[in-house]
Amino acid sequence: MALAVALTSMYEPVAEIGVGAYGTVYKAWDRASGRFVALKKVRMMGTENGLPQSAIREVALLKRLGHFNHPNIVR
C-alpha cells in the first residue's frame with residue numbers, strides 16, 4: 001500500500017489506456033517532469049512458485065531497455 005501512495009504523490013493518473021493479458025496501462029502526469037507517462041499495473045495472478053514467468057520476462061526486457069537513452073523510456 002505504501003508503494004501506491006508513493007506513486008500517487010509522484011504521478012497523477014489521467015486515464016486508462018488499455019487492458020491486456022498481463023495488466024492495465026494508464027496515462028499519468030509526472031509531477032516532477034511535467035510530462036505525460038505510461039504506467040503499467042501488472043496483474044499478479046497467484047502461482048505456486050512465486051512470480052509468473054511472463055512477469056519475469058517483461059521485467060527483464062524493461063531492464064535491458066534501461067540502457068537506451070530515449071525520451072519515451074522513463075526511469
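Q: Which residues make the nonpolar surface patch of about 340 Å²?
A: This is a predicted model. In it, Val42, Met44, Leu51 and Ile56 make up the patch. A residue needs over 30% relative accessible area to join a patch, and nonpolar side chains are joined within 5 Å.

Q: Why is Leu51 called exposed?
A: The relative accessible area of Leu51 is 52%. Exposed means over 50%. The value of 52% is over that mark, so Leu51 counts as exposed. It also passes the 30% needed for a patch, and Leu51 is one of the patch residues. Leu51 is in the loop between E3 and H2.

Q: What is the pattern of the protein chain, read along the sequence?
A: The pattern is α-β-β-β-α. That fits the totals of two helices and three strands.

Q: How many salt bridges does the count come to?
A: The count comes to two. One joins Arg31 and Glu12. The other joins Lys40 and Glu58.

Q: What makes the pair of Arg31 and Glu12 a salt bridge?
A: The closest N and O atoms of this pair are 3.9 Å apart. The cut-off is 4 Å, between a side-chain nitrogen of Lys or Arg and a carboxyl oxygen of Asp or Glu. A distance of 3.9 Å is within 4 Å, so the pair qualifies. Side chains of opposite charge can pair when their charged atoms come close.

Q: Which parts does the pair of Arg31 and Glu12 tie together?
A: Arg31 lies in the loop between strand E2 (23-30) and E3, and Glu12 lies in strand E1 (residues 11-19). The pair therefore ties together parts that are 19 residues apart in sequence.

Q: Why is Arg31 called partly exposed?
A: Arg31 has a relative accessible area of 44%. Partly exposed is the class between buried, under 20%, and exposed, over 50%. The value of 44% falls in between, so Arg31 is partly exposed. Its partner Glu12, at 38%, is partly exposed too.

Q: How do you know that the side chains of Lys40 and Glu58 meet in a salt bridge?
A: Their N to O distance is 2.8 Å. The limit is 4 Å, so the pair counts as a salt bridge. Lys40 lies in strand E3 and Glu58 in helix H2 (residues 53-65), so the pair ties together parts that are 18 residues apart in sequence.

Q: What joins the side chains of Lys40 and Glu58 at 2.8 Å?
A: A polar contact joins them. The cut-off for N or O atoms is 3.5 Å, so 2.8 Å is within it.

Q: Is Glu58 buried or partly exposed?
A: Glu58 is partly exposed, at 22% relative accessibility. Buried means under 20%. The value of 22% is not under that mark, so Glu58 is not buried. Lys40 is partly exposed as well, at 40%.

Q: Which UniProt annotation covers Lys40?
A: The annotation is "binding site", and it comes from an unreviewed UniProt entry. Lys40 is in strand E3 (residues 35-42).

Q: What does Lys40 touch, not counting residues up to four places away in sequence?
A: Lys40 touches Tyr22, Thr24, Val25 and Glu58. Contact means heavy atoms within 4.5 Å.

Q: What makes Thr24 buried?
A: Thr24 has a relative accessible area of 12%. That is under 20%, so Thr24 is buried. Thr24 lies in strand E2. Leaving aside neighbours within four places, its contacts include Glu16, Gly18, Leu39 and Lys40.

Q: Why does Tyr11 count as buried?
A: Its relative accessibility is 10%. The limit for buried is under 20%, so Tyr11 belongs there. Tyr11 lies in strand E1.

Q: Why is Lys27 called partly exposed?
A: Lys27 has a relative accessible area of 34%. That lies between 20% and 50%, so Lys27 is partly exposed. Lys27 is found in strand E2. Its contacts beyond four places in sequence include Glu12, Pro13, Phe36 and Val37. The C-alpha atoms of Lys27 and Pro13 are separated by 6.2 Å.

Q: What percentage of the 75 residues in the protein chain do buried residues make up?
A: Buried residues make up 12%. The chain exposes about 6200 Å², with carbon and sulfur atoms supplying 62% of it.

Conventions:
Residues are numbered from 1 along each chain as its sequence is written. This is a predicted model: local features need pLDDT of at least 70, side-chain atom pairs count only at pLDDT 80 or more; totals for chains, interfaces and linings use all residues. Side-chain values use heavy atoms; hydrogens and water are left out. UniProt positions are given in the numbering used here, feature names are shortened, and annotations may be inferred rather than shown by experiment. Helices (H or I, at least four residues) and strands (E, at least two) are DSSP runs, numbered from the N terminus. A polar contact is a pair of N or O atoms within 3.5 Å; within protein, one must be able to donate a hydrogen and the other to accept it, and residues adjacent in sequence count only if both atoms are side-chain atoms. Buried means under 20% relative accessible area, exposed over 50%, partly exposed in between (1.4 Å probe, protein chains only). Patches are made of residues with over 30% relative accessible area and no salt bridge: like charges are joined within 9 Å, nonpolar side chains (Val, Leu, Ile, Met, Phe, Trp, Tyr) within 5 Å. Accessible areas come from the Shrake-Rupley method with a 1.4 Å probe; for residues, only the protein chains shown count as cover.
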